[in-house]
Amino acid sequence: MYPVKNKLKKLHFVAALGAAAALPAMAQTTVQVTGLVDNYVGSMKYSGDTGRSSVVNSGGMTTSWFGFKGTEDLGGGLSAKFNLTSFFRSDTGQAGRFDGNETLFSRDANVGLVGSFGAVSLGRDLAPNFLPSILFNPFGDSFQLSPLILHMDVPWFNASGWTNSVAGDTGWSNEVIYTTPDFNGLKANFHYQFGEVAGNTGKNNIGANVLYFHGPLALTAYYQRVQVNNPLEFSPDNVQPATNIPLPSGMVAARQSNWFVGATYDFTVAKLFATYDQTSHDIDLKDKTFQLGTSIPFGHGAILASWADTKRSGTAIGEPLKRDTVSAGYDYNLSKRTDLYAVYMYDKITDQSTGNSVALGIRHRF
């Protein structure tokens, strides 16, 4: 009996030592469950709407999402990383940002390496336009209330027929991204999306952005060239899939070029934002968008205000169009992870009814 007990004790001791020895290796790998839930109550009317809607909607300030992120220390300053994150509508529990966007990991689905050389990512990831546009307007990545993001990224399926000025979505599938090391606050990202069409290399998206942060000053710029009817992106049935722009019969855009510059300066008492971007196509169609904004610290939050003006012109649409959107509100921090917000928005498109909206919401990060 005793020899058997002693052997068992030795086995337990060896197993404990093995587990202890494995702990450092396990500690080198981290996996995080992360996400954000954002819902708001609103009375919404965008320019061109026939009436006002009372809503409980998702994503007032940020599109709701959840997922998994992880890194592994490979030694020698090299790390592996992955991102698997998914959009969802927290007002209904539906997947994706909108109907037809139910892909499991439509926000991120990528893996890559990080080291002294910078970083490389493969899979579904950000488009070149995303970071510059959300970091250089006071309402961030609000697809409901940010004037800049509404003009750039959100099509209207109402009487206005207004379509997003920037083609290609804010995320690209089948993408390779190279990110440079940080050079005293300056970093660049180079993006290339494969079209994956046999015998046709023309359906590729390409672009780059630069971001500079130094003290109170921040600067950015991006350029991207997009195949407008790239088969990897979603197009609703009531929008021409080859253009995403309502065009006269027989006119079809195939390529869009888009460039953007932006700056912010933090005066402590207020942070100022300014951006300008321009899109053009291989037909006569052009958008020019100018945005000004501010974020003013007040109490446990900030007063936010932003104005965006877009002028659309070209023989492809006939008479020029103009859109002005203004948002103003207050974002109150209950904690580091939870905030409350209240926003009023004015929206006007040429020859369309005026829109006025009010939204009250809560956002929680985990």
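**Entry 1: strands E17 and E18**

I began near the end of the chain, where E17 and strand E18 (residues 355-365) pair in the antiparallel sense over ten bridges. The model is a predicted one. I looked up one pair across these strands and found that Asp-339 has Arg-363 in E18 as its bridge partner. I then checked the turn: five residues lie between the strands of this hairpin, and Asp-351 takes a positive phi near 65° there.

**Entry 2: strands E16 and E17**

I next followed E17 to its other partner. Strand E16 (residues 321-333) and strand E17 (residues 338-349) run antiparallel and are joined by eleven bridges. For one pair I noted Val-326, whose bridge partner in E17 is Tyr-346. These two strands also form a hairpin, with four residues between them. E17 is therefore a strand I met twice, since two strands count as paired if DSSP finds at least two bridges between them: I have it with E16 and with E18.

**Entry 3: strands E6, E7 and E8**

I moved to an earlier part of the chain. Strand E6 (residues 108-115) runs antiparallel to E7, and seven bridges join them. Gly-112 stands opposite Ser-121 in E7. I counted two residues between E6 and E7 in their hairpin. On going further I found E7 paired with strand E8 (residues 171-179), again in the antiparallel sense, over seven bridges. Here I noted Ala-119, which has Thr-179 in E8 as its bridge partner.

**Entry 4: the second largest pocket**

Which strand gives the most to the lining of the second largest pocket? I found that it is E7 (residues 118-126), with seven residues. The lining has 42 residues, and those nearest the pocket centre are Asp-108, Asp-125, Leu-126, Phe-130 and Leu-131. I looked up the makeup of the lining as well: 14 residues are nonpolar, 15 polar and 13 charged. The space in this pocket comes to about 860 Å³.

**Entry 5: the whole chain**

Last, I took the totals. The protein chain has three helices and 18 strands. How much of the chain is buried? Of its 366 residues, 45% are buried. I also looked at contacts between residues at least 6 apart in sequence, and 56% of them join residues at least 24 apart. The chain exposes about 17,800 Å², of which carbon and sulfur atoms supply 65%.

How values were computed: Residues are numbered from 1 along each chain as its sequence is written. This is a predicted model: local features need pLDDT of at least 70, side-chain atom pairs count only at pLDDT 80 or more; totals for chains, interfaces and linings use all residues. Side-chain values use heavy atoms; hydrogens and water are left out. Buried means under 20% relative accessible area, exposed over 50%, partly exposed in between (1.4 Å probe, protein chains only). Contact means heavy atoms within 4.5 Å. Accessible areas come from the Shrake-Rupley method with a 1.4 Å probe; for residues, only the protein chains shown count as cover. On a 1 Å grid over the protein atoms alone, a cavity is a set of points where a 1.4 Å probe fits but cannot get out, and a pocket is an open set with protein on both sides within 12 Å along at least five of seven lines; lining residues have an atom within 4 Å of a point. Grid points are joined across faces, edges and corners, and a volume is the space filled by probe spheres set on the points. Ala, Val, Leu, Ile, Met, Phe, Trp, Tyr, Cys and Pro count as nonpolar, Asp, Glu, Lys and Arg as charged, and the others, Gly among them, as polar.
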